[in-house]
Amino acid sequence: MDIAIVGGGPAGLFFARRVKLMHPDWRVRVFEQNARDATYGFGVGFLGQSLEFIGRTDPSVLEDIVGAAHAGSAMGFVHKGETVLVNAGSGSEAVTVGRITLLNLLQRRCEEVGVELQFESRVEDVESLRQSVDVLVGADGVNSPVRTRYREKFESTVEPQRNRFAWYGTEHPFDPALMIFEQTDIGLVIAHTHQYRADRSGVAIECDPETWERGGFDNMTPLEMDAKFEEIFASYLNGRPLLSQAVRVFYPAIVRNEHWSFGNVVLIGDAAHTVHPSIGSGTRVGMRDASVLAEGFQQHGADIGSAFAYYRSNRQFGADLFQRAAIQSIRWYETLEDRLHFDPVTMAFSYMLRTGRVDYARLRRADPEFVRRYEATPLPESVGIVA
């Protein structure tokens, strides 16, 4: 079998390693348009359940991740100038690791089993590649050229979301991670922060289109944008600058596909079904997709149709759950104006329950003291359903 994977992100690399381990005699190639050490984004988070999954699937990769990661389960919410801490754990700590570190360790693990990695190799003619291999895997992200080339076959839909995002890093260690709701003269600007190594944190900045327009960000140079966001969050950065990358601005979209495969082509990760930066699960979803698709080839060998059917039937439910949680989170952020009158504790509680994946009982188990504090806080008027 000759398998070509378009996209050298975590999903593509994890699948390449898994299927090569299962079938050492198969040829497995990864085509990545960027250089080996290039990446977009700063840190990647893994919760306890994801770490357990990786450990069961590939203990060597888990050992690499844990060895390079920053651990922590508490997070803070800054609203109206007050910081509220919540233990977000669910029985085991979460860890964060630099995205480039994760890519590099997966690259090494792929090469040690014989996967062929081709960097700075943009696939211009997807159809020619498809015809030349036994299996073509689209692991090429939200703007997937593979999915776009065959969008009618996949019956793809791409639904742009309202809020704007800007991605940064900083040398300031955000420990614990902070969710900062900053009221400014242009409107509400939100910073999602997480530390992923001793001297680095990621900062994703979000605001609605109206705030973005009032701020004039579309008319700014990149350096002007950096300076404006540094000014807004100066009191939290402790004098450290924001570290930029080539692509600062990101416009999230919800990607769905009626079909995940056709013929000898299959999609995984964001190419198949996106989640959203506000729940930070894209890498985890993609790596789970990769593992299950590899299991399909372990179960069915070169029977491509059966392998693809195994993948869809065993991933549909889990992927749908994450996407529904992402949509719930998106709607929560898009309606934040309705909650800005909340006190800081109520705002934090609302955030924790926003996706439906954490309920009252689970939050009580994770942090009973925080829940007691919430229960002792008078509800704001017209609170409705808090989450």
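Helices (H or I, at least four residues) and strands (E, at least two) are DSSP runs, numbered from the N terminus. The model on your screen is a predicted one: local features need pLDDT of at least 70, side-chain atom pairs count only at pLDDT 80 or more, and totals for chains, interfaces and linings use all residues. Residues are numbered from 1 along each chain as its sequence is written, and side-chain values use heavy atoms, with hydrogens and water left out.

**Stop 1: the whole chain**

Show the protein chain as a cartoon; 15 helices and 19 strands make it up. The radius of gyration, taken over C-alpha atoms, is compared with a globule rule of 2.2 Å times the number of residues to the power 0.38. The chain has a radius of gyration of 21 Å, close to the 21 Å that the rule gives for 387 residues, so it is as compact as a globular protein of that length. Along the principal axes, its C-alpha atoms fill a box of roughly 65 × 45 × 40 Å.

Next, colour by accessibility. Buried means under 20% relative accessible area, exposed over 50%, and partly exposed in between, using a 1.4 Å probe and protein chains only. By that measure, 55% of the 387 residues count as buried.

**Stop 2: the six-stranded sheet**

Select β8, β2, β1, β9, β19 and β18. In that order the six strands form an open sheet with mixed pairing. Two strands pair if DSSP finds at least two bridges between them. At the edges are β8 (116-118) and β18 (261-262), each of which pairs on one side only. Strands of a sheet pair through backbone hydrogen bonds, either parallel or antiparallel.

Zoom in on β1 (residues 2-6) and β9 (residues 135-138). These two run parallel and are joined by four bridges. Which residue in β9 is the bridge partner of Ala-4? The partner is Leu-136.

**Stop 3: helix α1**

Select residues 10-22, which form helix α1. The expected span of a helix is 1.5 Å times one less than its number of residues. For the 13 residues of α1 this gives 18 Å, and the end C-alpha atoms are 18 Å apart, which agrees. Twelve of the 13 residues are buried, so α1 is mostly covered. The buried residues include Leu-13, Phe-14 and Phe-15, as well as Arg-17, Arg-18 and Lys-20.

**Stop 4: strand β5 and its partners**

Select residues 74-79, strand β5, where five of the six residues are buried. On to its partners:

- β6 (residues 82-87) pairs with β5 in the antiparallel sense over six bridges. Gly-76 stands opposite Leu-85 in β6.
- The same two strands form a hairpin with two residues between them, and Lys-80 in the turn has a positive phi of about 55°.
- β12 (residues 177-184) pairs with β5 in the parallel sense over five bridges. Here Met-75 stands opposite Ala-177.

**Stop 5: the cavities**

Rolling a probe the size of a water molecule over the atoms shows where empty space is left. On a 1 Å grid over the protein atoms alone, a cavity is a set of points where a 1.4 Å probe fits but cannot get out; a pocket is an open set with protein on both sides within 12 Å along at least five of seven lines; lining residues have an atom within 4 Å of a point. Grid points are joined across faces, edges and corners, and a volume is the space filled by probe spheres set on the points.

How many cavities of 30 Å³ or more are there? The count is two. The largest holds about 50 Å³. To find it, select its lining, which includes Phe-174, Thr-193, Ile-205 and Tyr-236. β13 (187-197), β14 (200-207) and α10 (234-237) each supply at least two lining residues.

Ala, Val, Leu, Ile, Met, Phe, Trp, Tyr, Cys and Pro count as nonpolar, Asp, Glu, Lys and Arg as charged, and the others, Gly among them, as polar. The lining of the largest cavity divides into ten nonpolar, one polar and no charged residues.

The second largest cavity has a volume of about 40 Å³. Among its lining residues are Arg-162, Glu-206, His-276 and Glu-334. This lining divides into three nonpolar, three polar and three charged.

**Stop 6: the second largest pocket**

Select Phe-42, Gly-98, Ile-100, Tyr-196 and Arg-197, which of the 13 lining residues lie nearest the centre of the second largest pocket. The pocket holds about 210 Å³. Helix α4 gives the most to the lining, with three residues.
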